[in-house]
Amino acid sequence: MAKKLVVAIDGPAGAGKSTVAQLAAKKLGYTYIDTGAMYRAVAWKTLKAGEPVTDEKILATVKDIKVALRYEAGMTKVFVDGEEVTDEIRTPAVSAVVSQVARLGPVREKMVEQQREMAAAGGVLMDGRDIATHVLPAADVKIFLTASLEERAGRRWKEMKEKGYAMTLEELRADIARRDKADSEREISPLVQAEDAELLDTTGMSIEEVVDAITGRCRV
């Protein structure tokens, strides 16, 4: 029986990590853990209060939050305190504050603790900004997934358009560039490629090609 690996995928906003990671996990028969969704869940609950998003509000929100990821009906569903929020956490409003949420130490500590517990048994594929460098530094396979800014903005624009959000390509390009800067410059676990991670530039690649490239690196 093949060993159940721990796979870590990092990369910037709009690189398509969530999409290809879910498909690759399904192909490998692994559990997919969407770490970005966990931070989005904290952002969503903070916004739900209807008050300005401050560090104090975020820290108060994360104290007793329970974020659960479950594989149901062929997809990973996200729950916050028992309520399913899979679609709600993907709005532009949540995207606008998620970097602010993720840079706070107590938030990351709480989420990382849960992520490591989920990965302990192996057979896990996890994606985010600091998985290979911080969350799972001993992962069996490490991949840094990226694409050009233009391609990432185009992908996100198409995704938003299909969901009915009226955002321009220029707005999305600026938003992704801003998130790149925030993620790479934050003091706690910044977005960087791990020294032992393999760079996978997906510019011009189809989803199927990227999934094949990832699963090919996981065959033992």
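1. A friendly place to start is a pair of helices: α2 and α3 cross in a right-handed sense. Please keep in mind throughout that this is a predicted model. The two axes come within 9 Å, with a crossing angle of roughly 110°. Angles of 65 to 115 degrees count as roughly perpendicular, and α2 and α3 are therefore roughly perpendicular to each other. If you want to find the contact on your screen, look for V42, K45 and T46 on the α2 side, which meet K57, I58, T61 and V62 of α3.

2. Staying with α3, which covers residues 55–62, you will find I58, T61 and V62 buried. Viewed down the helix axis, these buried residues of α3 fall within an arc of 90°, so they line one face of the helix. What do the buried residues of α3 pack against? Their partners are α2 (35–48), α4 (92–102) and α5 (105–119).

3. α2 has a further crossing to look at, this time with α4. Here the axes come within 8 Å and cross at roughly 110°, which makes α2 roughly perpendicular to α4. This crossing of α2 and α4 is right-handed. From α2, the contact involves Y39, R40, V42, A43, W44 and L47. From α4, it involves A93, V94, S95, V97, V98, V101 and A102. Note that V42 of α2 takes part here and also appears in the contact with α3.

4. Now to the sheet. It is open, has 5 strands with parallel pairing, and follows the order β2-β6-β1-β7-β8. At the edges sit β2 and β8 (198–201), each of which pairs on one side only. From one strand to the next, the twist averages 20°. As a reminder, strands of a sheet pair through backbone hydrogen bonds, either parallel or antiparallel.

5. Strand β6 deserves a closer look. Is β6 enclosed or open to the outside? In this strand, residues 124–128, 5 of the 5 residues are buried, so β6 is largely enclosed by the rest of the structure. V124, M126 and G128 point one way from the strand, while L125 and D127 point the other way, and all are buried.

6. The neighbours of β6 can be followed residue by residue. β1 (residues 6–10) pairs with β6 in the parallel sense over 5 bridges, and D10 stands opposite G128 of β6. β2 (residues 31–34) is also parallel to β6, with 4 bridges, and there D34 stands opposite D127. Moving from β1 to β7 (residues 141–146), 4 bridges join these parallel strands. D10 stands opposite F144 in β7, which makes D10 a handy landmark for tracing the sheet, since you can step from it to G128 in β6 as well.

7. Finally, two helices lie across the strands. α5 lies across β1, β2 and β6, and runs at about 155° to β6. α9 (residues 207–216) lies across β1, β6, β7 and β8, at about 170° to β8. Which residues of α9 are buried? They are V210, V211, A213, I214 and T215. Their cover includes β1, α1 (17–28), β6, β7 and β8.

Key:
Residues numbered from 1 in each chain as written. Predicted model: local features only at pLDDT ≥ 70, side-chain atom pairs only at ≥ 80, totals over all residues. Heavy atoms only, no water. Buried < 20%, exposed > 50% of the residue type's maximum accessible area, 1.4 Å probe, protein only. Arc of directions from axis to C-beta. Contact = heavy atoms within 4.5 Å. Pairing = 2+ DSSP bridges. Axes fitted to C-alpha atoms, helices over the stretch in contact; angles between N-to-C directions. Parallel < 35°, antiparallel > 145°, perpendicular 65-115°, else oblique. Left-handed = near helix turned anticlockwise from the far one by under 90°.
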